[in-house]
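Student: I have the sequence and the model open. Can we go through the core and then the ligand site?

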Amino acid sequence: MSEVFNFCAGPAMLPKPVMAKAQEEFIHWNNTGSSVMELSHRSDVYMAMAAKAEADLRDLMAIPNNYKVLFCHGGGRGQFSAVPLNLLPPGKSADYIVNGSWSKAAAIEAKNFGEINVINIREEHSDGEISLVPSEQWPLNSDAAYVHYCPNETVDGIEINDVPNTNGIPLVADMSSTILSHEIDVSKFGVIYAGAQKNIGPSGLTIVIIREDLLGNAQKATPCIMNYETSANNDSMYNTPPTYAWYLAGLVFQWLKAFGGVKAIAKVNQLKAELLYQTIDASDFYTNTVEHQYRSKMNIPFWLKDESLNEKFLAQAEQRGLMALQGHRIVGGMRASIYNAMPIEGVQALVDFMQEFEKGNK
Ligand SMILES: *Cc1c(COP(=O)(O)O)cnc(C)c1O
């Protein structure tokens with residue numbers, strides 16, 4: 001089979017060297033004679049691997065010592081419940097910023113567990129352009145238990161680049177589709193969480209980074225496997241963690257370190273996004289309606305002006321090995337997800353195809 005570039009939003013492609021290494025040691029890992037997925041999570045070899053993965057992630061993100069890193073189950077949506085269960089005590093409320101479909105879903109789920117103030121910051125203009133209310137103007141409640149937001153809306157292709165100032169109220173960020181894509185200052189956040197299957201590893205693993213002083217306030221009904229304090233006190237091994245996904249995430253962290261770290265990959269991510277947006281903007285055949293400063297660098301939705309060409313576009317793209325470009329069912333059109341593992345060659349192949357397709361169908 002010739003080379004394939006997979007633009008799926010998630011589960012997404014993983015770095016080729018990582019997949020090759022996993023394949024090489026799939027059956028005999030680390031001189032154990034077993035696969036890593038067949039070993040006890042409490043064995044010395046497994047625990048050493050798990051600790052190294054955490055140390056590498058701490059290194060990559062410069063996570064301060066007063067933060068715990070938890071390796072959890074349940075995906076991004078699991079955290080939509082876990083966050084209010086752990087951080088929203090009875091009698092308090094939380095602010096939920098809504099700028100797209102994931103932040104909206106997080107707010108709806110949180111309402112099951114307490115009082116939620118939904119703050120819609122999305123603005124749709126008469127010419128179709130989508131922009132956001134700048135974070136300085138968000139009407140935050142000064143007594144909220146926390147503020148939840150989604151810096152990169154995976155479906156809508158909307159990114160908030162600055163870290164909002166919440167005047168000391170813990171900031172909770174769903175970074176499922178943007179973690180490790182560019183440098184951030186972890187100390188500005190109370191909690192960062194991310195499902196692994198976009199920029200970390202295979203699905204089944206969720207990373208939670210939490211400031212220690214926020215532990216210990218869980219609602220009484222919090223299931224033990226969602227309780228951050230229980231997880232933290234047991235090094236994420238209160239129950240059996242997703243051991244293989246943890247191992248693969250560890251390989252991705254090693255790959256990213258060898259690449260030069262988050263700063264180095266951020267440069268490539270910037271170039272990839274520019275290449276694709278320039279192609280869209282230079283044509284009157286394709287459009288993207290998100291205001292420039294809020295355009296996502298990871299998930300780039302675009303629409304063919306003539307939507308009757310959608311099927312043809314997707315079929316021809318697939319013939320060229322450009323896979324999974326169909327947009328999310330709720331927004332339609334196309335979407336190219338270009339996470340860390342997507343090489344610039346993949347984006348180049350996509351823009352070459354887009355330009356050719358435009359010429360042939362104008
Ligand atoms: C994919 C995604 C989710 C949902 O993740 P699951 O692991 O499927 O629950 C949540 N938030 C964001 C921003 C996402 O991109």
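Student: Which residues of the largest nonpolar core touch the most other members?

Tutor: This is a predicted model. Its largest nonpolar core has 60 residues. Membership requires a buried nonpolar residue joined to others through side-chain atoms within 4.5 Å. Those that touch the most other members are Ile179, Leu180, Ile200, Ile209 and Tyr247.

Student: Which helix gives the most to this core?

Tutor: The core draws at least three residues from each of domain 1 (5–16 + 260–360) and domain 2 (18–258). The top contribution from a helix is 11 residues. That helix spans residues 243–259 and is helix 6.

Student: Which helix gives the largest share of the shell around the ligand?

Tutor: The ligand is surrounded by 13 residues, and the closest include Arg77, Asp174 and Thr154. By class, the shell has three nonpolar, seven polar and three charged residues. Four residues of the shell come from one helix, residues 75–87, and this largest share belongs to helix 3.

Student: How far is a polar side-chain atom of Thr154 from an oxygen atom of the ligand?

Tutor: A polar contact needs N or O atoms within 3.5 Å. Side-chain N or O atoms of two other residues lie at 2.8 Å (Gln197) and 2.7 Å (Lys198) from a ligand oxygen. For Thr154 the distance is 2.4 Å.

Student: What share of the ligand's exposed area does the protein bury?

Tutor: The reference is the ligand taken alone, which exposes 390 Å². Of that area, the protein buries 86%.

Terms used: Residues numbered from 1 in each chain as written. Predicted model: local features only at pLDDT ≥ 70, side-chain atom pairs only at ≥ 80, totals over all residues. Heavy atoms only, no water. Near = heavy atom within 4 Å. Polar contact = N/O pair within 3.5 Å; in protein donor to acceptor, adjacent residues only side chain to side chain. Areas by Shrake-Rupley, 256 points an atom, 1.4 Å probe, with all protein chains shown as cover. Helix = DSSP H or I, 4+ residues; strand = E, 2+ residues; numbered from the N terminus. Nonpolar A, V, L, I, M, F, W, Y, C, P; charged D, E, K, R; others polar. Buried < 20%, exposed > 50% of the residue type's maximum accessible area, 1.4 Å probe, protein only. Domains from an automatic or database assignment.
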